[in-house]
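Morning, everyone. I'd like to take a few minutes to walk you through a structure, so let me put it up on the screen.

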Amino acid sequence: LSDGPLKGVRAVVTSGPTHEAIDPVRYIANHSSGKQGHAIAAALARLGAEVTLVSGPVHIPDPAGVRVVRVDSAVEMLNGVRAALPADVVVCAAAVADWTVANRATEKRKKKVGAPPPVIELAPNPDILMTVSKAEGGLRPRLVVGFAAETEALLDNARDKLARKGCDWIVANDVSEGSGTFGGDANLVHVIDADGIDSWPRMGKDAVAARLAERIANVLRGL
Ligand code: C5P
């Protein structure tokens, strides 16, 4: 196992959704299952990498051979990733909430007869992918991979994301209605880097993970 092509390589993978608390019993979240991120962590470990998986709340088992750090919110996820650095490669597959709740209540919000519904105020979350991509002081990993879940203008948005966030690759996937990506077992992806686009056929999330891990191993070994 540890004699694979990624022996000695430190990898960090984010996976799953984040939960942003509204009050002690309610939260804002999204449909991410964590399947793709968890599969990538497992695939990197199978190639011999030392993997830390920083996962939001999911309902799937921990992958084998991986150190799992469980978090709820985006801020906790960023802290978990920071604590796992330095790393050679970071893959941000989590569906991080763009906003957190600025006026989070410490007690459960009560319905009051005749009173207007509460207003939830949002504040931006830190961008974990961008933070890692622009890390200084020797903490910038050799390879940073982001995902772009898009429902339209997939490739344009992915190229824009690559430039704006400062990562090395964007794995763009179609999550439009009917694509079956969210919660499903298959994925149709395009890997975009400075050299162009690598479009892969539709395949299972495990196969996407294995191919991505191999691609990562090839660059880290300078092939
Ligand atoms: O901007 P957008 O959310 O579409 O970017 C998606 C990519 O950025 C994914 O790799 C996701 O894991 C990462 N991301 C992040 N932190 C955020 C938002 C997105 O790491 N707050």
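**Pockets, a patch and some salt bridges**

Let's begin with one histidine: His 38 is buried, because its relative accessible area is 5%, under the 20% cut-off for that label. Before I go on, please keep in mind that this is a predicted model. His 38 is found in helix H1. If you look for Thr 14, it sits 24 residues away from His 38 along the chain, and the two C-alpha atoms are separated by 8.3 Å.

Helix H1 also brings us to the pockets. Which helices and strands each supply at least two residues of the lining of the largest pocket? There's H1, residues 35-46, along with strand S1 at 10-15, helix H3 at 128-133, strand S9 at 143-150 and helix H4 at 154-165. The largest share comes from S9, with 4 residues.

The volume of that largest pocket is about 940 Å³. Its lining runs to 41 residues, and the ones nearest the centre are Ala 93, Ala 94, Ala 95, Val 96 and Ala 149. If you sort the lining by class, you get 18 nonpolar, 16 polar and 7 charged residues.

Now the second largest pocket, which has a volume of about 250 Å³. Among the residues lining it are Arg 109, Lys 110, Lys 111 and Lys 112, as well as Pro 116, Pro 117 and Pro 118. Ile 22, Arg 26 and Ile 120 are in that lining too. How many polar residues does the lining have, by class? None: the split is 6 nonpolar and 5 charged.

Two of those lining residues turn up again elsewhere. Take Ile 120 to start with. Together with Trp 99 and Leu 122, Ile 120 makes a nonpolar surface patch of about 310 Å². Leu 122 belongs to strand S8, residues 122-124. Is Leu 122 buried or partly exposed? Partly exposed, because its relative accessibility is 45%, and that label covers the range between 20% and 50%.

The other one is Arg 26, and that takes us to salt bridges. The count for the model comes to 10. In one of them, the side chain of Arg 26 meets that of Asp 23, at 2.5 Å from N to O. The two partners have different labels: Asp 23 is buried, at a relative accessible area of 2%, while Arg 26 is partly exposed, at 34%.

Last stop, Arg 215. What does its side chain pair with in a salt bridge at 3.6 Å, N to O? That's Asp 193. The pair links distant parts of the chain, with Arg 215 in helix H5, residues 205-220, and Asp 193 in strand S12, residues 189-193, 22 residues apart. Arg 215 counts as buried at 19% relative accessibility, and Asp 193 counts as buried at 16%.

Arg 215 also forms a salt bridge with Asp 198, where the closest N and O atoms are 3.2 Å apart. Again, distant parts of the chain are linked: Asp 198 is in strand S13, residues 196-199, and the two residues are 17 apart. Asp 198 counts as partly exposed, at 28% relative accessibility. Put those bridges together, and through shared partners Asp 193, Asp 198 and Arg 215 are joined into one network.

That's my tour. Happy to take questions.

Methods: Residues numbered from 1 in each chain as written. Predicted model: local features only at pLDDT ≥ 70, side-chain atom pairs only at ≥ 80, totals over all residues. Heavy atoms only, no water. 1 Å grid on protein atoms, 1.4 Å probe; cavity = no way out; pocket = protein on both sides within 12 Å on 5 of 7 lines; lining within 4 Å. Points joined across faces, edges and corners; volume = space filled by probe spheres on them. Nonpolar A, V, L, I, M, F, W, Y, C, P; charged D, E, K, R; others polar. Patch = residues over 30% accessible without salt bridge, like charges linked within 9 Å, V, L, I, M, F, W, Y side chains within 5 Å. Areas by Shrake-Rupley, 256 points an atom, 1.4 Å probe, with all protein chains shown as cover. Salt bridge = Lys/Arg side-chain N within 4 Å of Asp/Glu carboxyl O. Buried < 20%, exposed > 50% of the residue type's maximum accessible area, 1.4 Å probe, protein only.
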